[in-house]
Structures are given as structure tokens and as C-alpha cells.
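Biologist: I'm new to this one, so please pick a single spot and give me a close look at it. Then work outwards from there, so I can see how the rest fits around it.

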Amino acid sequence: MRFSKHKQVTVFGAAICFVVVFSLYLMLDHLQLDHSKNNPSSGGQLSVLQDKIDHLERLLSENNEIIANIRDSVINLRESVKDSKRVLEAGNMSQGSLEMLPSPPLVVPIDSEDCQFSARPYTKSAGGVQMSDVYDLLAFDNPDGGVWKQGFDIAYNENEWDQEPLQVFVVPHSHNDPGWLKTFDDYFHDQTQHILNNMVVKLHEDNRRKMIWSEVSYFAKWWDNIDDQKRDAVKSLINTGQLEIATGGWVMPDEANTHYFALIDQLLEGHQWLERNLGVKPKTGWAVDPFGHSPTQTYLLKQSGLSNMLIQRVHYSIKKHFSSQKTLEFFWRQNWGDTDILCHMMPFYSYDVPHTCGPDPKICCQFDFKRLPGGRISCPWRVPPQAITDNNIQERAHLLLDQYRKKSKLFQSKVLLVPLGDDFRYTEALEWDQQFQNYQRLFDYMNSHPELHVKAQFGTISDYFEALRSSIASSTSGSLALPVVNGDFFTYADRDDHYWSGYFTSRPFYKRVDRVLESHLRAAEILYSLALAEMRRFGKSNNFPAVESYKLLTAARRNLGLFQHHDAIAGTGKDWVVVDYGTRLFKSILSVKRVMVSSVHWLILKDKQTFSHDPSNLFLQMVSLSCQDLQTMPMPIHFAHYVYFLAILAPSSPALRSLVIFNPVEQARTSVVTVYVNRHKVQVLNSHGHPVTAQVSAVWEETNRASTERLKLKEDGLEQQIKVEFAWYGTTSNKDKSGAYLFLPDGEARPYTPSQAPVVRVTKGPVFSEVTTTFTHITHTLRLYNVQGVEGQSVEISNSVDIRGEFNHEIAMRITSDLNSKDRFFTDHNGFQIQPRKTMRKLPLQANFYPMSSMVYLQDSGSRLTLLTGQALGAASLKSGQLEVIMDRRLNQDDNRGLGQGVLDNKITANCFRLLLEKRTPAGKADENDPNSFPSLLSHTTFTYLNHPFIPMATSVDFSAIPLSPYSPLHSSLPCDIDLVNLRTIQSKDEGGGPSAEAALILHRKGFDCRFSNRNTGLLCTTTRGKIFLDKLFSELMVKSLTQVSLTLMHGSAAGQSPRDVSLKPMEVSTYRLELS
């Protein structure tokens, strides 16, 4: 595309703005699609559009009612678009051949073997535990369990340990939230740095002392501020096994709202830092504070080379059940495959000292020696700890051992884990002395009395798991056989009906910003890695800012990683902490845009010698526009063009400006791009100088009023009634009310009834048609794209929500259909896999809400209705055929979970969705209870398009005459089911921290359901049984080396180096060290 030189591309630069939307059609070379262009008559754009739709219909073997309706609408619009047509003609638009776009294939080629994975029947392992069965089994009542309020009385015989002594591992830890009540930096300066400084000194005082640490974000910040002597002391502690880094991620991430791209990225950032600075390879996961646990995180840890993991925040009824069955230690397996990891579930209420030594918190609190009389904190049970002396050691040791023995009765083995810590513990040297000296006296007494049959010691979490595995291996006749568990641990409740489903939506504005940064960071990583590879191929780099850009990428990785913390993306921090997170996210978005601009600048220059980086006068300007911005733009213009990876709309005339368009996904695609211009007389030309079909909509000066709309979706002549409406939730009148964490509604939602009739605006045109309804609190837009690609198969829903004037209200979008879904629906885990759900009447309403990171869907025997989302939110299906999504929450009080405030910092928040209806072939009665479910290929791709839109960049006015050329690194698109998770340049080992010649190539083969039509989907790809042939992957670049490694690059693979092709199993995520030249 070109603009006249005097026209400025701007975002907010004019009182009346226009939006230019490009519909870009990309093709797979190997599909050999028809690239010919028709020559329409001069009857104008409307006739051309009608001819194009008629041509499409001739290709369809079935009567596609959606396309027919769009065609009929266009015919009826002949008069309504005359004004827009005259605007374009007034812009002196070329009357040459109007570009016609090639059609996608009628049928997407899918290898039959690729359908076997989702079609195979589920087989439950012998003695296995399926979490959906546990939910069906339990009554979810809450009787008083005695001293263990949520459990039961525990008894034992004194001689139970005569043959095999009890092994006790007391594991000191300090949970350091990277932001919650204070910002990350404030916590570091006030507390964390002192904890780590004291750790070095106090562990060296006695080699029997041990400690674990989890949050690498803090450790890295501290490391940068200590001298070499202290660094050597830390390495010594690690080498002797006194200090263990558990999990090793940048943070301890939330597992509900996070997308698996960000989960991998923060884990990779932490692991790479550890390997580079400490030579450490974590073995065990430690997750004591995320509010519920996802099997996706389990799989990622396993793929990273970890063998064990620990979890804590699980529904109290589930904990009680697992305790009664002695299944708190188990092998956690994915529903879809054997990917076991050994997991320990903590049995009691919390990870603090009163709830970790045994079932009675009143007694355990007496062994938290930080609470000794005279300190700043005390035991709420009003029985203080006693310092251990010769006079009381016998009584104290037996009292503590009694708790250890009772706790051990909940497990199969004679190996017991006892965490010793809490939030920001061991800040002061005094606490180190209090805890370690008193516990060592207790251990010495226990160990010196063989009649007690106990061996107690400090240990790390891996020390415990090694002893547990040894106990399993040495058990006779398989007497110690740990079960296999499938499923997840949502939705979490810690007591009564207090379900933590509120944080699935809290602070949705920042949840959306998180997803934008993820998309931008991924795009920048790919472009940067390719730019470096091309420079090596050309043997020149001029003054390309390689090191500066890598530092910007590193900072963005770390800011994104920081936001995955379970009090950040969850929306459960103090107001000023949330602002700090948001500032970091926004700065990183700006930074990665700079990386994209400089990388694209180098890639598209015809003459690389002319490259010159000038930060004050950039060659390209970012002009991207996401779906939420459409709410604020009064006057769009739209057009279409054919393009590939990095395409350039740049006719030869120097008087016009060029637009560069980057397709950040790995498959060819048809999509819509939006940019701003500040004049309505805009020429849109392709690279041959031919005009491209465009749509201009007028500025609204008058409005009409109408009632809430009903939406009808049609598929193969079958009509489904879909109604979109809104509803309010209040909060309960009980003492405990909804807050940042908890959702405690006052009953079923009430219909949203605005005080005045909504304003309805209808936009119709050749590229899209939409209805925008403006209520008091919501601006709601439904848009239908008239394109032949994936976006033409679904409805785009954009909601701009403003509830800043409300009091204790939560607003929900409700989609009602006539699907007979009964009580079943499906939500995703982290955009990675699907979990079937069942709405349970025995549970309170708030317990039936689950996290939705990428999609939620309903289905019956013949149809599936999927809502795909551009941000994480809470979702439910409270009635058959109905979906409900909480879009924002404004709550005036704290929910007594430590935050100390409500949620009153609401912003005008945009929510972006796609609604997709698909015909479905049922699999029979077994389908109703299958714990596996998979999206269709079309659904997967729709989500990808929603979250990774085309990225347009316009050349600056000063550089409009410089010749450019399109850049396409891939010889052909990757298969439909292969996701390029990232192409992430690895840091050099040289001093200075710049880029190396290697990149981490991370691929994911998505599982998909073949029981959906592959006709007329708009997909421009195929499947290849998970194989990628390297010699056909790149167009110009050569694969110099390729080595399969673990997910986070820590471990090598038996596969060897430089295979001829890559082969992935369904659902597999694999990483390769890749060097291109």
C-alpha cells in the first residue's frame, strides 16, 4: 500500500480518523492454488465483490448459507455504499484492473493418521484416579474434623515404625512474592536481599543446615549486586547440597490465567539464567501459593527435565479425600498421554509453619520459633513457642514427634516432608538462629534415642523426593504403589463456600495487556532471530543494533515473566503494585516494537549496504491497531491484498508511502489488518499499481435506537439461535464478601437492564458488516467479515466495559443457544489443552466457574459452539446451551485473604472474542464421559489469528523512495497443527550478554478433533503426521546445526544432532538448538 507523501499515518493525530483494514491473502506453494486474477467490469467495487462471491459459491460443493447471506447483504447495500464509493473515486483512484484474490482450497488435506490421536478411546490406568470421578464422588460437605478442622482425627500405634524408622525432612523455605503488598523492587530492598545475604552466612555456619529458593527473578537481582566472594560462597552451598533452587522459573507462576507461551518463556528465562550463572539444573518443582493447579504446568516441568513437584492450594475436600485414601503422593499424568511426574500434595490448610508439621496447628505453631515471646508475631491459639532447653527438650521432642507421626499416617511411605517457612521468612539473622538452633536440638535428641524410631534432619525438597523414590524402589511385593492421577485441581476453595474464582477475571485490563505483550514479544523474537541469521548469510550487519535489541528483548522477557507471578496476572496485588506491573508491560511493548522495526528494516532492504540505524529517525513506524481500538474509531476504510511473511505494498512512485505487513504465524493466512490514516481520500494500490478493494464507512452523526439483537448462525442449512446479552452479579450480604480472590455472589445473575434504550449503529460494506450497541456500561460490537479465510467463519465480538461508577457489581456476557449441552462444557488450560467440565448443582454457583485462557465451548450430538478469547477470564455454563463470561469486577471490600483492599481501580476495558459454530459428528455415548476433548483445526487457527494479528508498519516520509523487497524465510508454511511457539535467540556466553549464533526453536504439535468438516474452512495449510522436512523448510537460509534439547535447553537429547527432519507427537512441545546461516 502507498500513501501520498503529505498524508501522515497516525493513531490519534486527527479529529476525524479513518481506519484502513487490509484483507491479506496468503497461499501455500505446495497446495498449488490458483493465483490468477480476474478482470472485473468497470461497474465498481460492489459488482466486483458480488462477482467474487459468486465465484466462491461455484467452488463450494455444499450450499454454504453464511456466504449466501453475506452475498445477499452486499446486494442490498448497493445504494447504502454509494457515498463511500464516491469518496474513493474522489481520491483519484486508479481505474485499472482491480486485484482479485485466490480462493482457499475447497477441502483441507488432512492425513488420516493425524485423526487417530483424538479418536482413540481413553483408558484409565489400573488403580488410577480421574479427578472428574472424584468430583462426582464427593459430597463437598464441611464437617468439623476436630483439631484438623477440614480433616479428621488421626491415630497410630507406637510400634508402627519399629521395622522401618520414620524419615523426617524439614525443608526451610521463604516464599518471596515478586510483588503483592509491595512492588517487586520494594520487596527486594526491604526484605529479600536481607534474606539472601543472611542465607549465605547462616548456612555456612553449620553444614547440616539447608534451604530452598524458588524465585529466580529475585535471585538474579541480588546476584547482580553482590561481589565475587559472596558469589563463590553461594556456588559452594549449591555444590554441597545445602542450597537448592526449586523449579527455577523467573517466578512461581499463576496456573489459571497464564498462556503456555508465557509459562515456557518465564521458565526458560529462569533456567537459562541459572545455567549461565550457577551451572544449576533444577530437579523439583515447588508451587506452594498458586491458587489451583493446572496439568499444563506439570507437563512443562516434565519436558524441562524435572522429575518431581509439590503443590499446595487444592480444594479442602479434595485434600481430605486424598488424605483418607493415602494418595497425597502420586504420579500426575496428562489425560492424553503418559507424561508422569511424581507429585506431592500438601495435606493441610496452608504452607505456613502452623499447618505443616502435623494436623494440629495449635501445636505446630509452638514450633515456629520466630513467634517466641517478645517477637513481632505470635500464635493466634495463644500458646507460644518455647526455646528448647535441657529442661524441656524431652517433652518438646515427643510433642513434635507426635505431630510428625500423625502426619505420616496420611502417606504410604515412611518418608515425611515438613516445610519450615512462610512469606518473606528469614529476613533477620535472629530468625535464622531461632529456627535452626532450636530445631537442631530437637533433631539431635530424636536421633539419639533409637527407641523413637525416627531420623529427623534438615533437607531440601529434592532430598525428600530422593528418599521417597528409594523407599518406593525398596518396598517389598509392590506394597508401596503410588497411584496415577489425571485431571486438574480447579476451582480452589480454602474453606466453606469460599471459592477462588474471582481472580479468573480480576483486573481484566492488565490481563489483556499481558496477551498483547506476549504476541508482540514473540513477533520480535522471530524477526530478530531471522535478521541475525540473514546478516550471517550476507556477511554484513552495518550498524544494526544487535546488542541493544537483545537487551530490550531480555528486559521484555523478564517483565512478561514477572507478570506471570500468581499475584500479578491474577489481579490480586495492591493498586500501586498493579500500576508497577502495568508500567513494565507497556514499556516492554514499546521496546519490542523498536526491535521489530529495526529487524524488519534490515530484512526488507533491497540493498543491504543502505541500512543505517538512527534511533531518532526510524525507517518504519508501527501502525498496528487491535480489535479493542475499533470501539473508538468513528470511520473505517478497508481493502484486500495478497501477501506472504513480510510483504510490502510499495509501488514504484516515490510520491507514495509503503506499508510493510508482517504475518507472525507460521501458516499462510487470510486476515484483516487495520491502520490509521488522517484523510479519507486514500489510494490503495498493490505492488503492481492496481487498486485493491476497499471499504469506507461514514462518520456517525445520527443514531438510531433499538433493542438487544438476536444473532443467527447458519451452517449447511441448519439454523442455530444465538442470543448475546449481559447480566449483573452482586455480592453476598454475609460477612465475607467478594474481593480480588473470591467470587461470593448474592445469587443468580440479574439481567442487565440499562436505564435508557441502547444506541445501535449498523455498518455495512464489502469487507465486513457490524452492529455496535452502546449501553450505559458497555459498547458491544458484533462483526462479520466477508473474507474467504478463517476470519470469515466466525463472528467477532468486541466489548468495551466501563463499570467505574458501580458498587459491588460484576458484569457478565451471557451467550444463550439452543444446543442441548446439558450440564457439560469445556474450558482450556493455559491455551494448551482442554478440560471437560460438569456443572454441579451440589456446588455453589461460584464453584462452577473455571479459568478460560483461550476458549470455552459447548456441544451436543450435532454442533459445537466455541467462544475464543483474547484475554483470560472466568467462564461457566450454568444452564444447558448457555455460556457465561465475567468481563469485569468492581468490589468495595477486601475478601480477607491478605490483600487488605477491594478492587476499585477499574479501567475502561476491552474484551475481544470470536464466536464459532461448527457441525460435529458425534462419537457415541462414550463421548459423554471422555476426559479428553480437542478443538478443531479451525478453532485452533481462529484463536491464533485473534491473538496474533498481522503487524503493519509504514515507511517514514523521509525514506519513501528507498527500494524494498518482500521477505519470506520459509519455503512453505508449516503444517496446520504445528505451532511455532518461539524462535528465541540464545544469549552468548561471552561477557557483555549479547546474542549468540543459536536460537531456541520451540515447536508444539496441537491435538485436534477431526469430527468437524474440513470443507470451506478458509485454512491454507495441510497436515503431515507431525513431520517437518528441514531441507524444505527455509527458502534461502541453511540449517547449519539442529540439536534437540529439553524444553528450557538444560538437557540434551538422545536424538543426536542435525536430524534430517523433525517429528513431533500430538500435543508434544519440543525445543531445538538451531543455528542458521
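Modeller: Let's start at Q150, which counts as buried because its relative accessible area is 15%, under the 20% cut-off. Keep in mind as we go that this is a predicted model. Q150 sits in the loop between α5 (131-137) and β3 (166-175). Its side chain reaches the backbone oxygen of D494, at 2.5 Å. If you skip residues up to four places away in sequence, Q150 touches N142, Y316, K320, Y349, D494 and R495.

The loop between α5 and β3 has another residue to look at, E160, whose partner K409 lies in the loop between α13 (393-408) and β10 (415-423). K409 and E160 form a salt bridge, with their closest N and O atoms 2.8 Å apart. They are 249 residues apart in the chain. Are these two buried or exposed? Neither label fits: K409 is partly exposed at a relative accessible area of 21%, and E160 is partly exposed too, at 26%.

Now for a pair that is covered up. E525 and R557 meet through their side chains in a salt bridge of 2.7 Å, N to O. E525 belongs to helix α16 and R557 to helix α17 (residues 546-563), 32 residues apart. E525 counts as buried at 0% relative accessibility, and R557 is buried as well, with 2%.

Helix α16 turns up again in the nonpolar interior. The largest nonpolar core has 233 residues, and the members touching the most others are F219, Y404 and F489. Helix α16 (residues 508-538) gives this core its largest share, 15 residues. Take F489: beyond its neighbours within four places in sequence, it is in contact with ten-odd names worth finding on screen, including M131, H293, I318, F330 and W332. Apart from this core lies another one, of 20 residues, with A246, L310, F465 and L468 among them. As background, nonpolar side chains tend to be buried together in soluble globular proteins.

Next, jump to the far end of the chain. D114 and R1005 meet side chain to side chain in a salt bridge, 2.6 Å from N to O. D114 is in the loop between α3 (82-90) and α4 (116-119), while R1005 is in strand β38, 891 residues away. Both ends are tucked in: D114 is buried at a relative accessible area of 4%, and R1005 is buried at 6%.

Strand β38 (residues 995-1005) is itself mostly covered, with eight of its eleven residues buried. Strand β37 (residues 978-987) runs antiparallel to β38 and is joined to it by eight bridges; in that pairing, D979 has H1004 as its bridge partner. Strand β43 (residues 1069-1076) also pairs with β38 in the antiparallel sense, over seven bridges. There, E998 stands opposite E1075.

For a helix that is hidden away, try α19 (residues 937-947): eleven of its eleven residues are buried, so α19 is largely enclosed by the rest of the structure.

Finally, the wide view. The protein has 19 helices and 43 strands, and 65% of its 1077 residues count as buried. Among contacts between residues at least 6 apart in sequence, 78% join residues at least 24 apart. The salt bridges come to 54 in total, and one network of them links D368, K370, R371, R425 and E431.

Notes. Residues numbered from 1 in each chain as written. Predicted model: local features only at pLDDT ≥ 70, side-chain atom pairs only at ≥ 80, totals over all residues. Heavy atoms only, no water. Buried < 20%, exposed > 50% of the residue type's maximum accessible area, 1.4 Å probe, protein only. Helix = DSSP H or I, 4+ residues; strand = E, 2+ residues; numbered from the N terminus. Pairing = 2+ DSSP bridges. Contact = heavy atoms within 4.5 Å. Polar contact = N/O pair within 3.5 Å; in protein donor to acceptor, adjacent residues only side chain to side chain. Core = buried A, V, L, I, M, F, W, Y, C linked by side-chain atoms within 4.5 Å. Salt bridge = Lys/Arg side-chain N within 4 Å of Asp/Glu carboxyl O.
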